[in-house]
Amino acid sequence: EKPFGIKEALSALGIQDINNGSSTGSENFASGDIIESYSPVNGSLISKVKSTSKADYEKVMEKATEAFKIWRKIPAPQRGEIVRQFGNKLRDLKEPLGKLVSYEMGKSYQEGLGEVQEMIDICDFAVGLSRQLHGLTMHSERPGHRMYEQYHSLGVVGIISAFNFPVAVWAWNTALAWVCGDVCVWKPSEKTPLCGIACQNIAAAVFKENDLPEGISCLINGDYKVGEMMTNDSRIPLVSATGSIRMGKIVAQAVASRLGKSLLELGGNNAIIVTPDADIKMTVIGAVFGAVGTAGQRCTSTRRLIIHESIYDKVKEALVSAYNQLRIGNPLDEKNHVGPLIDTEAVSLYKQALQKVVEEGGNLIVEGGVLEGEGYESGCYVKPAIAEAKNEFEIVQHETFAPVLYLLKYSGDVENAIEIQNGVVQGLSSAIMTNNLREAEKFLSIAGSDCGIANVNIGTSGAEIGGAFGGEKETGGGRESGSDAWKVYMRRQTNTINYTTELPLAQGIKFDL
Ligand code: NAD
């Protein structure tokens, strides 16, 4: 029933047969409906989670609000020390947590471990950051005055996350928010609730060991209705939401209607431009990993290849030959390249996309299809597909969260390829494969890629925690993780101090009494 050491992993992570989906730390409760979590790997029921009712939510918010008053007063480097301990717990539990991610979400075990490694890395980053939450000092225009800015904690940060990175996205937000002095309330995807329970158990143990109050890390569970409790709650100054563009548009409007801040990390439609000067071998590896890795369920998955006509046939043949070698099956078995989609609903969307591209005049050169039989009982395994298409097709404009790759042809200069690359509503990740300096620099210039991420001689997929992560246009404009992404989790205050006995006004304005 529960293969590959899953039973042991669940037990190491404190997962029960029925889990309380609302938690303020060591206090776990919930009175809402039951969510059942099934593994896309083999279709088995993994475990159940009680979802959060309105009353549970109120209790969580009460604890979070109280905890904030204490947590914000603990010096930032001491908060960093707590995050350091949390990172160490993740190191100890990397294998069971990586396994749960793989089993509940369906990505390969290697990628599951990679996700936990990202959590560890962002903790390390946050520890250093805890001594660098600095503002600027400016010269006042008034004599005997000093002016500077400082960053203060914001309050309760709401985190809504997607199924495809069920643990890392939470950590990207929470590790930074914690060192910034915020407390967090997290609603994981209803498709991966157990990953949420596991992470909350790990965090809660650290806060408890350090005698810190309930509520610095809170968990709530359920579908969009539970998410809406946070988006409509004016006690939450910042909602960080990761997921589809459809969701982001609703969340952004709800949060904006109460003039709250939202940090949006939404869908992508990522392309690799392949120019006549590309290294074909590197291109094929980057494109195939980008398109089929995590079964095409990464926000940065490669969806479009924009290939110069002079090398189009050569790249096409190399891709088809690479796709023929792909092994599809259990993601916990390291010899497989492609695991399952998250659920059978995702399989239907994949099938519809293949049908639609043909209806619009596309040509399937690697056909795809749903796999049946031994090892594929969950009904979630599909064959990665490749279609020759045009950028203006409606289906190509749309993000299908599955391994479907569209080949688009361009002629003439790299500008034409850039125009195709930018000709979608999304703006997350982009890449160019070229050894030509002029083409690479054009792609990175102001007239180049309009995405939040633009790579040269690397695919679109995957990112390091050190950079700010996110995208433009309908991807939502948010930035998380490295660089100065921490600033969104704090409020900025400008301070002017007068150390004279005069009261001069700014801009030389006179006001004599
Ligand atoms: P989804 O939009 O269906 O759900 C994401 C989360 O939003 C879930 O927790 C869901 O319960 C919640 N939600 C949905 N409607 C809501 C509402 N009205 N109010 C409040 N919460 C609501 O997305 P998914 O299928 O879980 O994830 C796949 C999508 O996420 C893809 O589009 C992918 O590109 C995107 N994604 C983006 C990034 C990024 O960093 N840009 C990262 C991962 C995933």
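This briefing walks through the ligand shell, one buried strand residue, a helix, an open sheet and a few unusual backbone angles. The model is predicted. Around the ligand there are 30 residues, and one of the strands described below, β12, carries the buried residue Leu-264. An open sheet of seven strands gives the other main landmark.

**Around the ligand**
- Of the 30 residues that surround the ligand, the closest are Ala-162, Gly-227, Gly-243, Glu-265 and Cys-299.
- Two helices, α8 (224-231) and α9 (245-257), each bring at least two residues to this shell.
- Helix α8 gives the most, with four residues.
- Sorted by class, the shell holds twelve nonpolar, twelve polar and six charged residues.

**Leu-264, a buried residue**
- Look for Leu-264 in strand β12, which covers residues 261-265.
- Is Leu-264 buried or exposed? Leu-264 counts as buried because 24 C-beta neighbours lie inside 10 Å, and the cut-off for buried is 20 or more.
- Leaving aside residues up to four places away in sequence, Leu-264 touches Ala-241, Gly-248, Ala-252, Gly-476, Gly-477 and Gly-478.
- Ser-449 lies 185 residues from Leu-264 in sequence, and their C-alpha atoms are 20 Å apart in space.

**Helix α10**
- Helix α10 runs over residues 280-292, which makes 13 residues.
- From its first C-alpha to its last, α10 reaches 18 Å, close to the 18 Å expected at 1.5 Å a residue.
- Which residues of α10 are buried? They are Thr-283, Val-284, Gly-286, Ala-287, Val-288, Gly-290, Ala-291 and Val-292.
- A rule of thumb helps when reading that list: an α-helix has 3.6 residues a turn, so residues three or four places apart point the same way.
- The buried residues of α10 pack against the strands β13 (270-274), β14 (302-308), β19 (404-410) and β21 (429-433), and also against helix α11 (312-324).
- After α10 comes Thr-294, with a positive phi near 55°.

**The seven-stranded sheet**
- The strands of this open sheet follow the order β15-β18-β19-β14-β13-β21-β22, and the pairing is mixed.
- Why do β15 (363-366) and β22 (453-456) each have one side without a neighbour in the sheet? Both stand at the edges and have a single partner strand each, so one side of each is left open in this way.
- On average, neighbouring strands of this sheet are turned by 25° against each other, direction ignored.
- Strands β14 and β19 run parallel and are joined by five bridges.
- Leu-305 stands opposite Leu-407, a residue of β19.

**Helices on the sheet**
- Helix α12 (residues 344-359) lies across β15, β18 (385-388) and β19, and runs at about 25° to β19.
- Helix α15 (residues 437-444) also packs on the sheet, where α15 touches β13, β21 and β22.
- The direction of α15 makes about 175° with that of β22.

**Positive phi angles further along**
- Ser-483 sits in the loop between β25 (480-481) and β26 (490-498).
- Phi of Ser-483 is near 50°, a positive value in a residue other than glycine.
- Ser-483 is exposed because 12 other C-beta atoms lie within 10 Å, and exposed here means 12 or fewer.
- Gln-507 belongs to the segment after β26, and Gln-507 has a positive phi near 60°, again in a residue other than glycine.
- With 6 other C-beta atoms within 10 Å, Gln-507 is exposed.

Note on methods:
Residues are numbered from 1 along each chain as its sequence is written. This is a predicted model: local features need pLDDT of at least 70, side-chain atom pairs count only at pLDDT 80 or more; totals for chains, interfaces and linings use all residues. A residue is near a molecule or strand if its C-beta atom, placed from the backbone, lies within 6 Å of it. Ala, Val, Leu, Ile, Met, Phe, Trp, Tyr, Cys and Pro count as nonpolar, Asp, Glu, Lys and Arg as charged, and the others, Gly among them, as polar. Two residues are in contact if their C-beta atoms, placed from the backbone, lie within 7 Å. The expected span of a helix is 1.5 Å times one less than its number of residues. Two strands pair if DSSP finds at least two bridges between them. Axes are lines fitted to C-alpha atoms, for helices over the stretch in contact, and angles run from 0 to 180 degrees between N-to-C directions.
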